[in-house]
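Reader: I am new to this structure and should be grateful for a close look at one part of it. Please begin with the place where one chain meets another, continue from there in a connected account, and explain each term as it arises.

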Amino acid sequence: MAEGGVARFWREIPQRYNLIGNKCGSCGRVFFPPRESCPYCRRKSIGKMKELKLSGKGEIVTYTIIHAGPENFKEQVPYPIAIIELEEGPRLTAQIVDCDIDDVKIGMKVKSTFRRIQEDGYTGAIYYGYKFKPLK
Amino acid sequence: MRDVAVIGVGLTKFGELWDKSFRQLTAEAGSKAIFDAGIEGKEIDAMYVGSMSSGRFVGQEHVGALVADASGFSHVHIPSTRVEGACASGGLAVREGYLSIASGMNDVVVVGGIEKMNDVGGNAATETLATAADQEWEAFFGATFPGLYAMIATRHMHDYGTTKEQLAQVAVKNHANGALNPYAQYQREIKLETVLNATAVAYPLGLFDCSPVTDGAASIVLCAADKAKEYTDKAVKIIASGQASDTLSLHGRRDICTLDSTVYAAKMAYKQANLTPRDIDLAEVHDCFTIAEICAIEDLGFVEKGQGGKAVENKITTLDGSLPVNTSGGLKSKGHPVGATGVAQIVEIALQLRGDAEKRQVNDAKIGLAHNVGGSGATCTVHIMEAV
Amino acid sequence: MKGIGIVSYGSNIPRYRIKAEEIASVWGKDGESISKGLGVNEKSVPSVDQDTATISVEAARAALRRCSVDPQEIGAIYVGSESHPYAVKPTGTIVGEAIGATPDLMVADYEFACKAGTAGIQSCTALVKGNLVKYGLAIGADTSQAAPGDALEFSASAGGGAFIIGRDNVIATINHTCSFTTDTPDFWRRAERKYPAHGGRFTGAPAYFKHITSCATNIMEMAGTKPEDYDYAIFHQPNGKFPIKVAKMLGFTYDQIKQGLLAPYIGNTYSGATMIGLASVLDVAKPGDRVFLTSYGSGAGSDGFDITVTDKIKDLARDNAPTVAQMVEDKEYIDYGTYAKFTDLLYWE
């Protein structure tokens, strides 16, 4: 049976599995996900963007506890979602795991971990990616 | 650049309108506006339609053509364009209509906004609304649309001491206003305790911090200001139109608690109108969630950054306050048929400036502002209107 | 095999635990006596977002953090499990991509009940010995399934271990390995079925005990050793009792098997069981320690290993990843309802 949508996910495996971003060869700014060019350096950055694997270490900038979750996440409700600032600079949005929801705080240090994010029903593909847990 | 006036307004009731289809809603709002304007159909040069996701809600794209057809203009082959910017689709449609007249291209234009959200189940509606967020980097990982605004609220509470009570007061105020609006989805007052004890949606937001799922349509007729007198005595001028964008994702923003798109769209509008925030008598702002209204009154320059919660607490923005905000009931009480909202805001300001707002009338309303946001702040339009 | 062996190791045990008493109370059984009888007090439970692939990736990444192997030099990955996330589409490729070992890589998934991981160690050892790869990565991991109300529900748990095999900087040489295999239907799961079936008491003498004792005897014969020559012994652990019994049958003491016996605390992690047991031993082993390992997989077979820890274990950055003991202690208890939600016992379609 033809299942759609897999290419979209497959294309992002380097980002979702390994936090591969990039760095502007002109100004040094780091981006995640990677950009085709630097919005600040613009044409000066063309051809100078260099792939960069991020460490996965960061800090929570803000968070919420999702109680009304999407269908694919209903077994995990309530779960924390946070905006995390990675030590290299970029921010991303991810779920916090291995943590009491009452312990989630702005400023908490976290580290990425490899988890199952979603699946396309019982017959479709499984999508893996990053979640973050407290850095002990 | 010519001046532009609003010469007619119309809207359907907002709510769960099981009997009304997408086509019926659009025809109803459009015909009301055209009738109110006192124009003939053949005088309309073009149509602009704001609709966020007709494709996912009713399985129909190409709604520029559909609206022209449902309104009975296909046989005269009117130019009709659908505009999309998530929840700012209506505001963007207003701006496109405005620009087409200001530029001299058109003399009379109908702008409509429509969303028919209840033809799909609740889950599908929520998922469709989430397409306003970054699909790959926010929604995919489990962030819901209320979750994004909740994260703004958490940080706002952390940085400025805003409280859940202050957020709740936004909902109480808007319901009090909506109770006076015969078109509103919810026409009843609510108590602070009800809001505070409501089912959790995404901490710190509960059910009553969130605008509802709504069917509805709104329509306005725009006209070159120097021609307005040919049609009506009740014209109101759009004296400024501002628009700005920002990163799609909330995590890409400069400051999580500030919608820079609002700041820049407002700057553009104030500059064009040669006005400051102090000159505004009333505003319809985008309260998709209670925190959004608090950020809006800060980012539009009505109060200092961080003081939005206090302003609400001090009742500055109530119907009889010094700056009434969301006299229509806002998205919370009036309802939020996504694409229609931006146009409905113009309708409310027009009614206020005309003196036709009945029980919600603000005294001496001369200058009004409409603020429409897409997603968590990636798009914003600000329109300023003046009584003639 | 001169100088070929384990270069690094890692493991991963999910944090959630459910007590045997909690499960027993749902089925109207006496939890305390079941705990005592099985020698399993509580078991590890994967969260909805954990599966054999995520456990394998975390174990492999832990192994890489401890050493300085360049993932691009890993030439083969074998993941052994009876709960691969896909029936068709390998777990090994997900691991390969997640550790940066692709694309010049041999991969296959293995299944041999609880000994699929040790089978992978044998394959990697052979590939290294034949100079076909510089390093091989063998993983055994499971999020094993048990029918609600079945005896296995008390022990079927989740976890995994990963071993990098090579010739350079070997921390533990694999001196000898051999297997003992027969067609014995003691425990199986039919394709398309969710839960396994088993032969009850048949899983004992003709299955577990026969294969482990036969294989162990063969290994000691190959190596010219006796039980007393070993500092540690690891046996497959479907519960906390069988390994103690088989150790005794072979002449090993409880002290020798203690370090590698995790079942009482985390249950039976199936393909992860002996792998985690070996990881636990390597967490504390000193140069010169001799380690005996015999796994068991239903169907049936045993893989035996005679291992000697080298000086190089001192250079391994063992602190760069949590020890088995740390992961066993890092836990959170859940009730049966949450357990049912996490292990997909409640079907909805």
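Author: Two residues are in contact if their C-beta atoms, placed from the backbone, lie within 7 Å. The model is a predicted one, in which local features need pLDDT of at least 70 and side-chain atom pairs count only at pLDDT 80 or more, while totals for chains, interfaces and linings use all residues. Residues are numbered from 1 along each chain as its sequence is written, and chains are lettered from A and ligands numbered from 1 in the order in which they are written.

Between chains C and A, 15 residues of chain C are in contact with 14 residues of chain A. On the side of chain C that touches chain A, helix H3 (52–66) and helix H4 (91–99) each supply at least two residues; helices (H or I, at least four residues) and strands (E, at least two) are DSSP runs numbered from the N terminus. The greatest share comes from H3(C), with four residues. By character, this side of chain C comprises six nonpolar, three polar and six charged residues (Asp, Glu, Lys and Arg are charged; Ala, Val, Leu, Ile, Met, Phe, Trp, Tyr, Cys and Pro nonpolar; the others, Gly among them, polar).

Within chain A, strand E1 (residues 20–24) has four of its five residues buried, so this strand is largely enclosed by the rest of the structure (buried: 20 or more other C-beta atoms within 10 Å of the residue's own). E1(A) pairs in the antiparallel sense with strand E3 (residues 49–53) over five bridges, pairing requiring at least two DSSP bridges. Here A:Lys23 stands opposite A:Lys50 of E3(A). E1(A) is also paired, again in the antiparallel sense, with strand E2 (residues 30–31) over two bridges, and A:Asn22 has A:Phe31 of E2(A) as its bridge partner. E1(A) and E2(A) form a hairpin with five residues between them, and A:Gly28 in the turn has a positive phi of about 85 degrees.

Chain B offers a contact surface of another kind, between domains. An automatic or database assignment divides chain B into domain 1 (4–121 + 214–236) and domain 2 (131–211 + 238–387). Their C-alpha centres lie 23 Å apart, and 38 residues of domain 1 of chain B are in contact with 37 residues of domain 2 of chain B. Strand E1 (4–11), helix H4 (89–102), strand E4 (108–116) and strand E7 (215–224) of chain B each supply at least two residues of the domain 1 side. H4(B) gives the most to that side, with eight residues. The residues of the domain 1 side divide into 20 nonpolar, 13 polar and five charged.

Terms used:
Buried ≥ 20, exposed ≤ 12 C-beta atoms within 10 Å, placed from the backbone.
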